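Please open the model in your viewer and keep the selection tool at hand, since this tour goes from one selection to the next.

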Amino acid sequence: MTSAPGLDIDLNDLDLFVRGDVHDTFALLRRHEPVYWNADPDGSGGFWALTRHQDVFTAYNDPARLSSRHGTVMGGSYRRRSDSAGGRMLIASDAPEHRLLRQRAHPAFRTDVMERAGVVVRGYVSEALDRVLADGRADFADVALELPRGLLAVMFGLDRDEALRLLTLTRRMIGHQDPSCIGDGAGEMALVAAQMEIFDLMNALVTQRRRKPGQDVVSILLEARLNGRPMTESEILYNCLNIAVGGDETTPFTAAAAVEAFAEHPDQYDRLLERSDLLDSALNEIFRWTSTNAYVQRTARTDLEIGGQRIAAGESVTLWNVSANFDEAVFERPDLFDVAREPNRHLAFGSGPHRCIGQNAAWLEIKILLEELLARRMRLTVAGPVRRLRSNFMLGPTSLPVRVESHR
Ligand code: HEM
């Protein structure tokens with residue numbers, strides 16, 4: 001470990017992310033210290049931050065030297081209690097366990113599941129948008145929750161209220177540092193408490209599905225075999241948690257941030273209204289622009305070197321998608337929101353063996369939202385202060401007051 005000679009930036013300073021101007025900070029890092037040692041303020045440790053597209057991409061594809069086993073969230077409960085989730089949960093495992101777990105989880109994301117989910121998501125979203133039209137205004141951060149609500153209702157075989165309960169819990173987990181999600185009790189204990197409640201909910205589902213199997217994630221994992229044996233209860237619970245958090249706490253932030261982006265760039269919305277063939281490139285640009293999952297963490301398995309910096313075995317290495325996706329070496333005019341951007345080699349879903357397994361689901365959800373907004377020719381403007389999640393891991397609005405400016 002070496003300390004940074006020049007820049008004094010702390011990527012654990014959440015104010016940096018809440019203010020929404022974090023791109024300037026990453027531009028500085030990319031230019032001056034692309035492999036940055038972010039020391040803890042008390043000098044007790046720290047982590048490496050990779051900020052260039054090339055380094056982030058290479059690191060994603062180097063699982064032999066960079067392990068996922070100690071968790072992908074810095075300081076998160078998985079890291080400190082890495083013995084419990086490590087090797088059992090998709091996102092916190094390495095080969096060969098990871099490959100097996102991923103194969104077993106795949107049927108939960110099959111095309112027919114996504115088709116059923118699409119119908120439900122479209123129903124929920126249409127209803128919500130019609131309500132927004134009737135009222136003339138809304139908090140779009142709430143409207144956006146209808147996306148994962150529909151997806152997870154189908155994936156976990158839940159009714160609408162149960163899906164909402166799961167959403168409330170995953171929001172408490174991911175927003176455990178944010179008083180607006182948790183109230184006064186924000187902190188590590190809130191994270192543990194939310195996680196325990198999700199496990200209770202999943203445990204109840206396991207009991208139900210043992211009695212009456214369905215086509216949902218829990219039933220799929222109950223049926224699955226790992227090296228000839230059934231999955232253990234904790235393997236099932238951890239992977240349900242992974243899918244629930246991955247599903248609930250990403251797309252609503254992306255959706256709200258996309259609406260904010262279109263409100264700020266109405267010309268790009270006009271282009272989409274005129275040219276439906278731009279929908280796919282617009283979706284990619286939304287995923288790049290929002291970079292909802294700001295970073296993932298790896299742990300060095302051996303001493304290694306990246307960009308001339310020596311990284312010691314055991315040190316934490318963070319891969320900043322939100323920086324890579326704005327790297328001027330790869331994206332022409334990265335600060336431009338351009339729905340026709342081609343090529344668009346964004347890393348919003350990661351890369352390599354852990355590349356987001358829910359990518360198609362996310363694509364489907366945001367596509368449905370865009371299609372339904374465009375079908376109503378709904379133009380939304382921001383009508384009040386935007387509040388952002390207090391986190392450096394997930395980025396996006398927790399409150400986005402909007403007004404309907406015009407439609408049809
Ligand atoms: C905009 C939406 C989304 C973004 C930006 C996103 C981002 C990511 C990223 C960057 C990874 C790689 C993690 C790593 O390399 O350590 C990942 C993995 C994962 N995502 Fe997503 N995700 C999204 C939506 C979803 C959805 C909708 C689901 C589930 C329904 C989901 C479930 C997962 C799971 C289970 C993994 C772990 C995969 C593995 O380790 O093999 N994600 N996601």
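The stops below visit two sheets and the helices beside them.

Before selecting anything, note that this is a predicted model, in which local features need pLDDT of at least 70, side-chain atom pairs count only at pLDDT 80 or more, and totals for chains, interfaces and linings use all residues. Residues are numbered from 1 along each chain as its sequence is written, and side-chain values use heavy atoms, with hydrogens and water left out.

**First sheet.** Select strand E1 (35-39) and strand E3 (66-67), the edge strands, each of which pairs on one side only; here strands are DSSP runs (E, at least two residues) and helices are DSSP runs (H or I, at least four), numbered from the N terminus. They belong to an open sheet of five strands with mixed pairing, in the order E1-E2-E10-E7-E3, where two strands pair if DSSP finds at least two bridges between them. Now add E7 (residues 295-300), which pairs with E3 in the antiparallel sense over two bridges, and look for threonine 299 in E7, the bridge partner of serine 67. Helix H3 (residues 53-60) packs on this sheet, touching E1, E2 (46-50), E3, E7 and E10 (316-320), where contact means heavy atoms within 4.5 Å.

**Second sheet.** Next, select E4 (137-139) and E11 (379-382), the edge strands of an open, antiparallel sheet of three strands in the order E4-E14-E11. Three bridges join E4 to E14 (residues 401-406), and arginine 137 has arginine 403 in E14 as its bridge partner. Finally, select helix H15 (residues 251-264), which lies across E11 and E14 and runs at about 90 degrees to E11; axes are lines fitted to C-alpha atoms, for helices over the stretch in contact, and angles run from 0 to 180 degrees between N-to-C directions.
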